[in-house]
Structure formats: structure tokens, C-alpha cells
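Thank you all for coming. I would like to take a few minutes to walk through one structure, going from contacts between side chains to the sheets and then to the surface.

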Amino acid sequence: MNPILVFLLRLLLLLLAYSFVGWIAFSIFTDLRQGSAKSGPVSFPLITLSSELDEGSNPKQFSMSQVTIGRDPASDYPVDHPTISLRHCRLSFHNKQWWAEDLESTNGSYLNNSQIDSPTVLTDGDEMRLGEICIKIHIN
């Protein structure tokens, strides 16, 4: 084969390889730049909790990514009842959905009469039973 032709083919292959690497670098750069421009203040849909114990008071609304429910006064939604564990249940917002997770409570957590064994998706109007207390959930 002609040495000049071999040289030109190698040069073309090298040019294509550098073009490919440059295209990948450019794509990554533009994706990162667009990602940082899109990130702003993160907002969570409001979740409203009301329990049987709250009959005389207003339901509580939360606009944070996690809500802990339990007998502990430091919980986000404290429920003072002997059948509720100190840290009974956690509601968290991720993947654009609210999820409920039992925190190894003594009396268990139930969503619409089904026991919560693993993180479970919440929907508007669900009812959770923690111990002997029923909590109604409204997602706004």
C-alpha cells in the first residue's frame, strides 16, 4: 500500500477520534451548565396531616422533605398516645412522590388497612393507622 495513503488514513482516523472526544466533552459541559441553571429553590408539595386527637385544632401542614411522626415531642408531628412509638413513622418526599416508612415501631404502621413493611407511596386521601390512632393525609 502506498505510504502516503496509509499516512492520510491514519491522520483521518486520528482526526475522527479527537472529534469524537471533543463532542463528548462538549455534551458533558452543556449538560452540566443546563443542570446548574435549572437548579433553584426546591419546593415540595404541601402535605396536611390530621389525627383523631386534633379534632379541636387545625390540621398541620408541612412543606419540607421529611416529616417524622411519633410520641417524641421533638417529632415534626408529635402524637401523645401510649400506642405510638417515640419515632413511629417517617413521611418523605422523593421521586416526585410522598412515601411512608415505618421506623420499626412496636405496634406497626398501616396505610389503608395494609401494613407498611417497606417504603410505600402515599396518595391524597389516604388514612394511616399508627397504633390506635388514625391520621388522614391530604397532599396539596
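**Charges, sheets, sulfurs and rings**

When the whole structure is searched for salt bridges, one is found. Please keep in mind from the start that this is a predicted model. The salt bridge is formed by the side chains of E101 and R90, with a distance of 3.6 Å from N to O. These two residues come from distant parts of the chain, since E101 sits in strand 6, residues 97–102, and R90 in strand 5, residues 89–94, eleven residues apart. As for its surroundings, E101 has a relative accessible area of 28%, so this residue is classed as partly exposed. In general terms, side chains of opposite charge can pair when their charged atoms come close.

Let me stay with the two strands that this contact connects. Strand 5 and strand 6 run antiparallel and are joined by six bridges, and they make up a hairpin with two residues between them. In the turn of that hairpin, N95 has a positive phi of about 55°. Going along the pairing, we find F93 standing opposite W98 in strand 6, while S92 has W99 as its bridge partner in strand 6. Strand 5 is also mostly covered, in that five of its six residues are buried.

Strand 5 has another partner as well, because four bridges join it to strand 3, residues 66–70, again in the antiparallel sense, given that at least two bridges are needed for strands to pair. In that pairing, I69 stands opposite C89 in strand 5. The wider arrangement is an open sheet of five strands in the order 4-3-5-6-9, and its pairing is mixed. Which strands stand at the edges of this sheet? They are strand 4 and strand 9, the latter covering 120–121, and each has a single partner strand, so one side of each is left without a neighbour in the sheet.

There is also an open sheet of six strands, in the order 2-1-11-10-7-8, where the pairing is antiparallel. Its edge strands are strand 2, at 60–62, and strand 8, at 114–115, each of which pairs on one side only. Within this sheet, strand 10, residues 127–130, and strand 11, residues 133–139, pair in the antiparallel sense over four bridges, and L130 is found opposite I133 in strand 11. As a general reminder, strands of a sheet pair through backbone hydrogen bonds, either parallel or antiparallel.

I now turn to the cysteines. How many disulfides are there? The count comes to zero. C89, which we met a moment ago opposite I69, is in no disulfide, and the nearest cysteine sulfur, that of C134, is 13 Å away. Seen from the other side, the closest cysteine sulfur to that of C134 is the one in C89, and 13 Å is too far for a bond, because a disulfide would need the two sulfur atoms within 2.5 Å. Are these cysteines buried or exposed? C89 is buried, with a relative accessible area of 0%, and C134 is buried too, at 19%, a value to be read against the cut-off of under 20% for buried residues.

Next come the aromatic rings, where the structure holds three aromatic pairs. One of them is formed by F20 and W23, a tilted pair with 6.2 Å centre to centre and 35° between the planes. Both residues lie in helix 1, three residues apart, which is about one turn of the helix. W23 is exposed, having a relative accessible area of 54%. In the pair of F62 and Y77, the ring centres are 6.2 Å apart and the planes stand at 80°, so this pair is edge-to-face. F62 belongs to strand 2 and Y77 to strand 4, residues 77–78, so the contact ties together parts that are 15 residues apart in sequence. Here the rings belong to covered residues, as F62 counts as buried at 6% relative accessibility and Y77 is buried at 1%.

Finally, the surface. M1, L5, L9, L12, L15 and L16 make a nonpolar surface patch of about 660 Å². M1 is found in the segment before helix 1, which covers 3–38, and at 79% relative accessibility M1 counts as exposed.

Terms used:
Residues numbered from 1 in each chain as written. Predicted model: local features only at pLDDT ≥ 70, side-chain atom pairs only at ≥ 80, totals over all residues. Heavy atoms only, no water. Salt bridge = Lys/Arg side-chain N within 4 Å of Asp/Glu carboxyl O. Buried < 20%, exposed > 50% of the residue type's maximum accessible area, 1.4 Å probe, protein only. Patch = residues over 30% accessible without salt bridge, like charges linked within 9 Å, V, L, I, M, F, W, Y side chains within 5 Å. Areas by Shrake-Rupley, 256 points an atom, 1.4 Å probe, with all protein chains shown as cover. Phe/Tyr/Trp six-rings, centres within 6.5 Å; stacked < 30°, edge-to-face > 60°.
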